[in-house]
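Visitor: I would like to look at a structure with you. Could you show it to me, please?
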Amino acid sequence: MDHLLGIVGDGFVMLAADEKVAHSVVTMKDNQDKITVLDETKILAGGGQFGDVCMFTELVQRNLQLYNLRNGYPMGVKAAAGYTRTEIAKLLRKNPHMVNMLLGGVDKHGPALFWIDYLGNMQKLDFGAHGYGGYFALSCMDRYYRPGMNIDDAKSLMKRCIEGINQRFLIGGASFKVKVVDAQGIREVDLSDVQVAPEAAGNAMEQ
């Protein structure tokens with residue numbers, strides 16, 4: 001029941017993930033941070049089997065730190081995404097892990113968001129989603145996303161997507177943690193005070 005959302009803006013990437021951990025019909029936790037800080041410029045949102053997610057995201061985090069220590073500089077965002085994709089593909093052939101991910105970061109090439117699934121598929125996107133929430137959020141993103149969005153517009157879009165999920169998904173009421181990575185580093189953002197402008201009747205926002 002994980003919901004992972006990602007948006008690329010003007011110099012930043014914003015990721016959001018729900019905080020619920022469930023097993024069968026039981027809620028185990030409702031305050032789990034599913035967005036792992038890989039280093040100062042990269043974050044990784046993971047969803048799937050909770051044990052697999054914890055193990056794999058920590059594996060990626062530790063190996064990126066090891067790369068930094070050995071080479072004296074961090075791995076680029078695209079290289080980190082490629083490494084992550086390769087490792088999940090290797091596990092698919094030995095010990096499959098049910099982990100779907102959104103990796104976002106900023107480097108000398110600018111902000112980038114990569115969509116990675118448990119089969120080792122990877123794609124660079126301007127916006128993306130994993131989980132049941134993606135069925136609702138992707139249509140909203142497709143309609144309202146604009147390249148080069150500023151941080152306030154991205155917050156408004158993210159909140160619109162979250163409200164859509166909680167309103168329309170069978171199991172609503174999920175709380176979300178939202179993080180932003182940019183040239184200044186990584187920070188958590190609060191969407192509680194963000195206002196979502198009502199849509200004019202019969203009119204769609206122009207692209």
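Guide: Let us begin with a definition: Ala, Val, Leu, Ile, Met, Phe, Trp, Tyr, Cys and Pro count as nonpolar, Asp, Glu, Lys and Arg as charged, and the others, Gly among them, as polar. Please note that this is a predicted model.

Visitor: How many residues of each class are in the lining of the largest pocket?
Guide: The lining has ten nonpolar, 13 polar and six charged residues.

Visitor: And which residues lie nearest its centre?
Guide: Of the 29 lining residues, D2, G48, Q49, F50 and V53 lie nearest the centre of the largest pocket. Two or more lining residues come from each of strand 3, strand 6, helix 1 and strand 10. Helix 1 gives the largest share, six residues.

Visitor: How much space lies in that pocket?
Guide: The largest pocket holds about 640 Å³ of space.

Visitor: Now strand 10: why is it largely enclosed?
Guide: Strand 10 is largely enclosed by the rest of the structure because four of its five residues are buried.

Visitor: Which strand is joined to strand 10 by five bridges?
Guide: That is strand 1, residues 3–8, and the two run antiparallel. For example, L5 has A129 of strand 10 as its bridge partner.

Visitor: Changing topic, is K42 buried or exposed?
Guide: K42, which is found in strand 6, has a relative accessible area of 1%, so it is buried, the cut-off being under 20%.

Visitor: What does the side chain of K42 make a polar contact with?
Guide: Its partner is the side chain of T41, at 3.4 Å. In addition, a polar atom of the K42 side chain lies 2.6 Å from the backbone oxygen of M75.

Definitions and conventions
Residues are numbered from 1 along each chain as its sequence is written. This is a predicted model: local features need pLDDT of at least 70, side-chain atom pairs count only at pLDDT 80 or more; totals for chains, interfaces and linings use all residues. Side-chain values use heavy atoms; hydrogens and water are left out. On a 1 Å grid over the protein atoms alone, a cavity is a set of points where a 1.4 Å probe fits but cannot get out, and a pocket is an open set with protein on both sides within 12 Å along at least five of seven lines; lining residues have an atom within 4 Å of a point. Grid points are joined across faces, edges and corners, and a volume is the space filled by probe spheres set on the points. Buried means under 20% relative accessible area, exposed over 50%, partly exposed in between (1.4 Å probe, protein chains only). Two strands pair if DSSP finds at least two bridges between them. A polar contact is a pair of N or O atoms within 3.5 Å; within protein, one must be able to donate a hydrogen and the other to accept it, and residues adjacent in sequence count only if both atoms are side-chain atoms.
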